Amino acid sequence: SFPTRRSSDLSHQWSLNFANSNDGTMGPPSIGEFKNGRGEFIDQESFHGRAILVRQVWSDITPDSHRFEQAFSDDRGKTWEPNFIAMLTREKQVAAQTGAQYASAEPDGQHDFDFAFGTWKEHTSRLQQPLTGSTTWIEMDGTSVVRKIWNGRANLTELESDGPTGHLELLALRLYDPQAHQWSLTFATSKVGILGMPPTIGEFKNGRGEFYDQEPFNGRAILVRFTIFSINADSAQSEQAFSDDGGKTWETNWINKYTRVKDGSDEAH
């Protein structure tokens, strides 16, 4: 499994999301916080057709070890049954290895994002007010780092960018579903600290990735499209577009142009 942890500046709490490489889908977030060196996080999930509470606890924390416990409750938290306990011990840091970029050679698409591993300079053009007829664009420049997870079947992107509206910190998590042969993309910013749901879902065809979802925007349900194209060894481009007419027309509102940083010491694989 792969956990992501994001802190919300508004609630002063953390959200924990877990995914399994067998299905490549993200579970509901557990929400909680740390008090007196103990972190407790709770969510509600379905188990054997019943709604139960799930609790994750981080405790016995030292610089080089900690304890993790997951427990279920089917009586609204009166009693808890632990079902997963792990004692974690820190390993000595090993220098990151760098290697050549390689293209997808697998027919099912699980290496479609291999081109992205490493560090990129990123220029962003963002439409200030989407779906209003606005023609005012905001320009931003930053750096993104893409790290490989599960031998390429997932990856994590961290972006820091600056522009007229200030400093942006964005996280993108991409997970591959080996059953559907599709990718799910979820995003979070440091100002909110919660992964956006539902995920944007899609696949690559002929060197172009297209991903779709439906989201609320200004009180209306709209379609969102995210595309990645013009991919080569040292550059790529992506765009986000909205549609409020069921996909008949699309308005592009976010354009990203990437240029690879070739200094191997900056790349993460």
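**Figure 1. The hairpin of β9 and β10 in this predicted model.** Four residues sit between the two strands of this hairpin, and W150 takes a positive phi near 55 degrees. Strand β10 covers residues 154–163, and nine bridges hold it to β9 in an antiparallel arrangement. If you would like a landmark for the register, look for T143, which stands opposite E160 in β10. On the other side of the story, β9 (residues 137–149) also runs antiparallel to β8, with 10 bridges between them. Here W120 is the residue to find, standing opposite S144 in β9.

**Figure 2. The closed barrel of 10 strands.** Let us step back to see where those strands belong. The barrel follows the order β8-β9-β10-β11-β12-β13-β14-β15-β16-β17, and its pairing is antiparallel. From one strand to the next, the twist averages 25 degrees. One of the pairings is that of β14 (residues 208–217) with β15 (residues 220–229), which is antiparallel and counts nine bridges. Within this pairing, D213 has V224 in β15 as its bridge partner.

**Figure 3. Strands β2, β3 and β4, with the hairpin of β3 and β4.** Moving to an earlier part of the chain, strand β2 spans residues 13–19 and strand β3 spans residues 30–35; the two run antiparallel and are joined by three bridges. S15 and I31 make a handy pair to locate, I31 being the bridge partner in β3. Strand β3 also pairs with β4 (residues 38–47), again in the antiparallel sense, this time over five bridges. Across that pairing, E33 has E40 in β4 as its bridge partner. What phi does N36 take in the hairpin of β3 and β4? The value is positive, near 55 degrees, in a hairpin with two residues between the strands.

**Figure 4. Strands β5, β6 and β7 around R67.** Strand β6 pairs on two sides: eight bridges join β5 to β6, and eight bridges join β6 to β7. The β5 and β6 strands run antiparallel, as do β6 and β7. A hairpin makes the connection from β5 to β6 through two residues. For orientation, find Q56 standing opposite Q70 in β6, then F68 standing opposite A86 in β7. R67 itself lies in strand β6. Which residues does R67 touch, leaving aside those up to four places away in sequence? They are V57, W58, S59, D60, I85, A86 and M87. R67 and L88 are 21 residues apart along the chain, yet 6.2 Å separates their C-alpha atoms.

**Figure 5. The salt bridge of D64 and R90.** The side chains of these two residues meet at 3.5 Å, N to O. Where in the chain do D64 and R90 lie? D64 is in the loop between β5 (50–62) and β6 (65–73), while R90 is in the loop between β7 (81–89) and β8 (118–127). The pair thus links distant parts of the chain, 26 residues apart. The structure holds eight salt bridges.

**Figure 6. An aromatic cluster, and a charge over a ring.** Six names are worth keeping at hand for this view: F113, F115, Y176, W183, F204 and F211 form one aromatic cluster. The structure as a whole holds 14 aromatic pairs. A separate spot to visit is W250, where R225 lies over the face of the ring, at 4.6 Å from the ring centre.

**Figure 7. Confidence along the predicted chain.** The protein has a mean pLDDT of 87, and 88% of its residues reach 70 or more. Two stretches deserve a gentle note of caution. Over residues 95–106 the pLDDT is below 50, and this stretch has 18 contacts in the model beyond near neighbours in sequence. Residues 265–269 also have pLDDT below 50, with 20 contacts in the model beyond near neighbours in sequence. Where pLDDT is low, the predicted coordinates should not be read in detail.

Methods: Residues are numbered from 1 along each chain as its sequence is written. This is a predicted model: local features need pLDDT of at least 70, side-chain atom pairs count only at pLDDT 80 or more; totals for chains, interfaces and linings use all residues. Side-chain values use heavy atoms; hydrogens and water are left out. Rings of Phe, Tyr and Trp (its six-membered ring) pair if their centres lie within 6.5 Å; planes under 30 degrees apart count as stacked, over 60 as edge-to-face and the rest as tilted. A charge sits over a ring if NZ of Lys or CZ of Arg is within 6 Å of the ring centre and within 35 degrees of the ring normal. pLDDT is the predictor's confidence in each residue, from 0 to 100. Contact means heavy atoms within 4.5 Å. Two strands pair if DSSP finds at least two bridges between them. Axes are lines fitted to C-alpha atoms, for helices over the stretch in contact, and angles run from 0 to 180 degrees between N-to-C directions. A salt bridge is a side-chain nitrogen of Lys or Arg within 4 Å of a carboxyl oxygen of Asp or Glu.
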